[in-house]
Amino acid sequence: MLESLFDDVRRMNKRQFMYQVLSLGMIVSSALMIWKGLMVVTGSESPIVVVLSGSMEPAFHRGDLLFLTNYPEEPVRVGEIVVFKVEGRDIPIVHRVLKLHEKNNGTVKFLTKGDNNSVDDRGLYAQGQLWLTKKDVVGRARGFLPYVGMVTIYMNEYPKFKFAVLACLAIYVLVHRE
Amino acid sequence: MSETAEAAKINKWDGAAAKNAVDDAIREVMTGDLKCKESFALIDGRLFLCALAVGVALYALLWDYLYPFPQSRLVLIICVSSYFILMGILTLYTTFKEKGIFVVAKEKVGNNTRVWEASSYVKKHDDKYNLVIVMRDTNGNTREASVTKSFANFIDVNGTVVQNIVSNEITKLYHSLSSEKKEK
């Protein structure tokens, strides 16, 4: 069975095999280019994020998929849900803007809090950081899809499973001729 | 020859696999028995387009890594749009230029060069293998022959391509296309 799986590959000539490799490359590239294209369109470095915690319940639950935009001309306002990064933490946080100070020259500093948390986020920020600024913002939530992100969460909780699935798909594409 | 024929054992119920196996057998005949020289320009063109597209994507990835997003915006715009344009060109290339041609072979007859193009297609859930062979020579003659036969004619009960039958079929087509000129 396994042997017959690779029969196709063994029979391929050099060019056919190169095409198989390039097809796999193009599938990965297409996904990558769609992602990068979304980045350009939304202006956010990560236009789609998954909510990982329950800190924004009942607005967002663990596993919700969020679509973000980050247009520089749109001002941040109190009450908006922003996704921001904190130095020293890899994972961006989705929380609501609680207080905001805007200067005449357009610079802003703001404080955030999770709807479901009892205290504001100062404890989460980097040591000594009291406010967030525009450069910390990854994007603002524009829409969401419930539950879809659970797949990503499970995949990240079981990295071996994720790599196994990806490897199987890659091998399938590689050995299967259209 | 017999070695390759032996290796080509496929799942005969898989239409795509059967088509590929018969295509390969025909290529063997064209370039082996009939002593034509395979020309790779057509497939190389496709490989080039694919490689270029993947290269553009890799370049965008690298650039975005070196100069994180807001800085890399312009390069990303260029890369993403050229990637999708390349995909469009690739689709046009395979549908209008390749048109299912799986082998292009050249043959010198005196001072005349004949170019043979074999293309095939199989309809979904159909056992009929449709083969079209086109011959062009430097005198401007273009002749075409096509055969539609069930896979059962080329593949035996075990799923092995019967090279002899394919060879006979192709040789027959080859001679009829080669000699047609004399009859005219």
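Start by selecting residues 74-96 of chain B: this stretch is 100% helix and 0% strand, with its end C-alpha atoms 33 Å apart. Helices here are DSSP runs of H or I of at least four residues, strands are runs of E of at least two, and both are numbered from the N terminus.

Before you go on, a word on what is on screen: this is a predicted model, in which local features need pLDDT of at least 70 and side-chain atom pairs count only at pLDDT 80 or more, while totals for chains, interfaces and linings use all residues. Residues are numbered from 1 along each chain as its sequence is written, chains are lettered from A and ligands numbered from 1 in the order in which they are written, and side-chain values use heavy atoms, with hydrogens and water left out.

**Stop 1: the annotated spans**

Keep residues 74-96 of chain B selected and add residues 40-62 of chain B; UniProt, in an unreviewed entry, gives both the feature "transmembrane region". Residues 40-62 are 96% helix and 0% strand, and their end C-alpha atoms are 32 Å apart.

Now select residues 21-41 of chain A, where an unreviewed UniProt entry also places a "transmembrane region". This span is 100% helix and 0% strand, and 30 Å separate its end C-alpha atoms. UniProt positions follow the numbering used here, feature names are shortened, and annotations may be inferred rather than shown by experiment.

**Stop 2: where chain A meets chain B**

Color the two chains separately and show the residues in contact (heavy atoms within 4.5 Å). You should pick up 25 residues from chain A and 32 residues from chain B.

The size of an interface is often given as the accessible area lost when the parts come together. Between chain A and chain B the buried area is about 2,500 Å², and carbon and sulfur atoms give 67% of it. That buried area is the accessible area (1.4 Å probe) that two parts lose on being put together, summed over both. On the chain A side, show R11(A), R15(A) and M33(A), which lose the most area to chain B, together 28% of what that side buries.

Next, look for charged pairs. Side chains of opposite charge can pair when their charged atoms come close. Which residue meets R15(A) in a salt bridge? Display D44(B): its side chain and that of R15(A) are 2.7 Å apart, N to O. A salt bridge here is a side-chain nitrogen of Lys or Arg within 4 Å of a carboxyl oxygen of Asp or Glu. The interface of chain A and chain B has 2 salt bridges.

With this interface still on screen, select helix 1 (2-11) and helix 2 (14-42) of chain A, the elements that give two or more residues to the side touching chain B. Helix 2 of chain A gives the most, with 16 residues.

Then zoom in on D64(B) and K36(A), which form a salt bridge with their closest N and O atoms 2.7 Å apart. This pair crosses between chains, from helix 3 (residues 41-66) of chain B to helix 2 of chain A.

**Stop 3: domains 2 and 3 of chain A**

Color chain A by domain: domain 1 (1-42), domain 2 (48-146) and domain 3 (149-177). The bounds come from an automatic or database domain assignment.

The C-alpha centres of domain 2 and domain 3 of chain A lie 31 Å apart. Their contact takes 6 residues from domain 2 and 5 residues from domain 3. Together, domain 2 and domain 3 of chain A bury about 390 Å², 63% of it on carbon and sulfur atoms. Show V50(A), R62(A) and G63(A), the residues of domain 2 that lose the most area to domain 3, together 82% of what that side buries.

How many salt bridges cross the interface of domain 2 and domain 3 of chain A? There is 1. To see a salt bridge here, select R62(A) and E157(A), whose side chains meet at 2.9 Å, N to O.

**Stop 4: the two domains of chain B**

Finish on chain B, which is divided into domain 1 (7-40 + 99-178) and domain 2 (43-97). Their centres, taken over C-alpha atoms, are separated by 34 Å. The contact takes 4 residues from domain 1 of chain B and 6 residues from domain 2 of chain B.

Domain 1 and domain 2 of chain B bury about 350 Å² between them, with 42% of it on carbon and sulfur atoms. Select F40(B), K99(B) and I101(B): in domain 1 these lose the most area to domain 2, together 98% of what that side buries. The count of salt bridges between these two domains of chain B is 0.
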